[in-house]
Amino acid sequence: MGKTSLGVLGLLFACLVHGAPTLTVATDVWPPFRIVQPDGRFGGLDMDILQQLQRRSGIRFEVKRVPWGRALKQMQTGQVDLMIGLAMTAERAAFIDYLQPAYYQCRPAFYGKAAAVSTLRTYSDLQGKKVGYVLNSAYFAPFDADNRLDKHGVPTEDQLLRMVQRGHLPLMIGTDCQVDYALSQDNEAGLLKAAYQPPQPVVLYLGMSKHSPHQALQQPLALALQELVASGEIAALAKPYQP
């Protein structure tokens, strides 16, 4: 047994003796990572991962549904301890510690009806086209900071997808993990993925607020996450959610 396993087991023993701490996780709907179940609670890949982290570390999680932008603000103040499914940005890194390693990655992609995606083969082809995106999301550079593009921000992925399906927006950007899954469940509008796809992946992390009062749990939580990634368990958990 390696040092990593011993460290996690040590924390587990301490939790059993002193009582397991509970960390608050703020997040919002983002299938297949966070799926609202009939009872109103979250399911999905991220919840499966949190469950396995709890099993390995003894740390308990209380998941709260909070709009994404508001969750980020609460991370700034330490009102919540964790967010999951985070892309890394320099702005966020000022108030979030990203637990290593990253646990998953997707790729940004553009979607629309056939006429809209047929001419999108390079980044420069975005010029002159209206593109929908989700507010407070990070996709890739230079798109995120490109003020020359005609970008239309909306609060949620679900709203964005509906707007493209109904023809209110010609194009949208999303992550292929999420949008491909959504389209596998319902694609009556016949949306397609554009041939152009940025090469940079969207890498997902579990992040802890720098103002969380539970900083001492950051290392053992990261060790448990490292074991999940290295063992291939997260890859196995993801398979049922892949279209």
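Buried here means under 20% relative accessible area, exposed means over 50%, and partly exposed is anything in between (1.4 Å probe, protein chains only). The views below come from a predicted model, where local features need pLDDT of at least 70 and side-chain atom pairs count only at pLDDT 80 or more, while totals for chains, interfaces and linings use all residues. Residues are numbered from 1 along each chain as its sequence is written, and side-chain values use heavy atoms, with hydrogens and water left out.

**View 1. Tyr139, Phe143 and their ring neighbours.** Rings of Phe, Tyr and Trp (its six-membered ring) count as a pair if their centres lie within 6.5 Å; planes under 30 degrees apart are stacked, over 60 edge-to-face, and the rest tilted. That rule gives nine aromatic pairs. One of them joins Tyr139 and Phe143 edge-to-face, at 6.1 Å centre to centre with 85 degrees between the planes. Tyr139 counts as buried because its relative accessible area is 8%, and Phe143 does too, at 1%. Phe143 also pairs with Phe140, this time stacked: the centres are 5.7 Å apart and the planes 20 degrees apart. Phe140 is buried as well. Zoom out a little and ring pairs link Phe110, Tyr123, Tyr139, Phe140, Phe143 and Tyr196 into a cluster.

**View 2. Lys151 over two rings.** A charge sits over a ring if NZ of Lys or CZ of Arg is within 6 Å of the ring centre and within 35 degrees of the ring normal. Lys151 manages this with Phe143, lying over its face at 4.8 Å from the ring centre. The charged end of Lys151 also sits over the ring of Tyr133, 5.8 Å from the centre.

**View 3. A salt-bridge network around Arg55 and Arg56.** Side chains of opposite charge can pair when their charged atoms come close. A salt bridge here is a side-chain nitrogen of Lys or Arg within 4 Å of a carboxyl oxygen of Asp or Glu, and the count comes to ten. Arg55 and Glu233 make one of these, at 3.6 Å from N to O. Helices (H or I, at least four residues) and strands (E, at least two) are DSSP runs numbered from the N terminus; Arg55 is in helix H2 (residues 45–57) and Glu233 in helix H9 (residues 233–238), 178 residues apart. Next door in sequence, Arg56 bridges to Glu227, with the closest N and O atoms 2.8 Å apart. Arg56 belongs to H2 and Glu227 to helix H8 (residues 218–230), so this pair ties together parts 171 residues apart in sequence. Both Arg56 and Glu227 are buried. Arg55, Arg56, Glu227 and Glu233 are linked in a network of salt bridges.

**View 4. The Asp97 and Lys210 bridge.** These two side chains meet in a salt bridge at 2.5 Å, N to O. Asp97 is in strand E6 (residues 96–106) and Lys210 in the loop between strand E12 (202–209) and H8, so the pair ties together parts 113 residues apart in sequence. Asp97 is buried, with a relative accessible area of 17%, whereas Lys210 counts as partly exposed because its relative accessibility is 35%.

**View 5. Thr27 and what surrounds it.** Thr27 is part of strand E1 (residues 22–27) and counts as buried because its relative accessibility is 0%. Contact means heavy atoms within 4.5 Å. Leaving aside residues up to four places away in sequence, Thr27 touches Arg34, Phe42, Val63, Lys64, Arg65, Val66, Trp68 and Ile84. With Arg34 there is also a side-chain to side-chain polar contact at 2.8 Å (a pair of N or O atoms within 3.5 Å; within protein, one must be able to donate a hydrogen and the other to accept it, and residues adjacent in sequence count only if both atoms are side-chain atoms).

**View 6. Helix H6 and its cover.** In H6 (residues 157–165), the buried residues include Glu157, Leu160, Leu161, Met163 and Val164. Seen down the axis, the buried residues of H6 fall within an arc of 160 degrees (taken from the directions from the helix axis to the C-beta atoms), so they line one face of the helix. Their cover includes strands E7 (108–112), E8 (130–134), E9 (150–154) and E10 (171–175), along with helix H7 (176–185). Just after H6, Gly167 takes a positive phi of about 85 degrees.
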